[in-house]
Amino acid sequence: MIPKPATQADLAAMASVHAQAFDAPWDEAGMATMFSGAGTYAFISVDADPSGMVLCRVIGGEAEVLTLAVPPWTRRRGVGVALMDAAMVEARARGAAVMFLEVDVGNAAAVTLYERLGFARAGLRKAYYDRGANGRADALVMRLDLTSAPR
Ligand SMILES: CC(C)(COP(=O)(O)OP(=O)(O)OC[C@H]1O[C@@H](n2cnc3c(N)ncnc32)[C@H](O)[C@@H]1OP(=O)(O)O)[C@@H](O)C(=O)NCCC(=O)NCCS
């Protein structure tokens with residue numbers, strides 16, 4: 001499974017993957033809005049079905065991971081890491097020296113994945129996520145130096 005650069009034709013598949021991975025997903029229109037933003041790019045992986053997506057942007061030498069999603073049926077098979085590897089290569093190609101992301105502080109799967117890739121904890125945004133009936137959750141800000149990252 002090698003992630004491929006996503007195009008407008010992949011928006012429905014990206015939204016489908018997102019819906020399987022998040023409680024409050026972006027629908028196809030929301031995905032299209034995010035994808036059309038300045039400096040934005042995405043990768044999608046396809047197995048028998050779409051098996052993962054990552055959406056990022058590079059502005060002013062800084063990359064940001066906007067979302068990363070892998071459906072439950074294909075987790076722990078390296079799809080998340082493969083998508084992030086592709087995203088980091090593309091960020092460097094677009095001139096980014098650093099990559100940032102926000103992740104729910106309680107999302108152990110994602111935090112472990114990002115730390116494995118070399119991301120370090122850079123800050124905490126209190127009550128950043130609205131979890132509806134579950135209240136609000138803090139976001140961990142994570143940072144990767146793309147010039148010295150191990151991969
Ligand atoms: C986080 C997520 C993208 C991981 O995708 P994935 O394809 O399963 O990740 P990988 O198979 O590449 O895992 C790479 C490593 O991350 C860590 N990891 C992944 N899932 C984990 C889990 N549930 N618990 C602990 N560590 C985990 C492990 O170190 C893993 O390596 P290993 O399987 O050799 O132990 C996926 O679980 C997901 O989409 N979750 C819901 C959405 C989300 O949280 N997105 C990211 C936040 S923005």
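**View 1. Residues around the ligand in the predicted model.** The ligand is surrounded by 19 residues. Leu-68, Arg-76, Gly-78, Asn-107 and Arg-116 are the closest of them. Sorted by class, this shell holds eleven nonpolar residues, four polar ones and four charged ones.

**View 2. Polar contacts of the ligand with Gly-80, Val-81 and Asn-107.** Two of the contacts shown involve backbone atoms. In Gly-80, a backbone N or O atom is 2.8 Å from an oxygen atom of the ligand. In Val-81, a backbone N or O atom is 2.9 Å from an oxygen atom of the ligand. Asn-107 takes part through its side chain, where an N or O atom lies 2.6 Å from a ligand oxygen atom. Of the 920 Å² of accessible area that the ligand has on its own, 77% is covered by the protein.

**View 3. Helices and strands that form the shell around the ligand.** The ligand takes up the space of the largest pocket. Three elements each give two or more residues to the shell around the ligand: β4 (62-69), α3 (79-93) and α4 (108-116). Which element gives the most to this shell? The answer is α4, which supplies six residues.

**View 4. The largest pocket and its lining.** The largest pocket, whose space is taken by the ligand, contains about 1400 Å³ of space. Its lining consists of 39 residues. Which of these lie closest to the centre of the pocket? They are Phe-22, Leu-68, Asn-107, Ala-110 and Tyr-114. Leu-68 and Asn-107 are also among the residues closest to the ligand.

**View 5. Elements and residue classes in the lining of the largest pocket.** The helices that give two or more residues to the lining are α1 (11-21), α3 and α4. The strands that do so are β4, β5 (98-104) and β6 (120-130). By class, the lining is made up of 20 nonpolar, nine polar and ten charged residues.

Definitions and conventions
Residues are numbered from 1 along each chain as its sequence is written. This is a predicted model: local features need pLDDT of at least 70, side-chain atom pairs count only at pLDDT 80 or more; totals for chains, interfaces and linings use all residues. Side-chain values use heavy atoms; hydrogens and water are left out. A residue is near a molecule or strand if one of its heavy atoms lies within 4 Å of it. A polar contact is a pair of N or O atoms within 3.5 Å; within protein, one must be able to donate a hydrogen and the other to accept it, and residues adjacent in sequence count only if both atoms are side-chain atoms. Accessible areas come from the Shrake-Rupley method with a 1.4 Å probe; for residues, only the protein chains shown count as cover. On a 1 Å grid over the protein atoms alone, a cavity is a set of points where a 1.4 Å probe fits but cannot get out, and a pocket is an open set with protein on both sides within 12 Å along at least five of seven lines; lining residues have an atom within 4 Å of a point. A molecule sits in a cavity or pocket if more than half of its atoms lie within 2 Å of its grid points. Helices (H or I, at least four residues) and strands (E, at least two) are DSSP runs, numbered from the N terminus. Ala, Val, Leu, Ile, Met, Phe, Trp, Tyr, Cys and Pro count as nonpolar, Asp, Glu, Lys and Arg as charged, and the others, Gly among them, as polar. Grid points are joined across faces, edges and corners, and a volume is the space filled by probe spheres set on the points.
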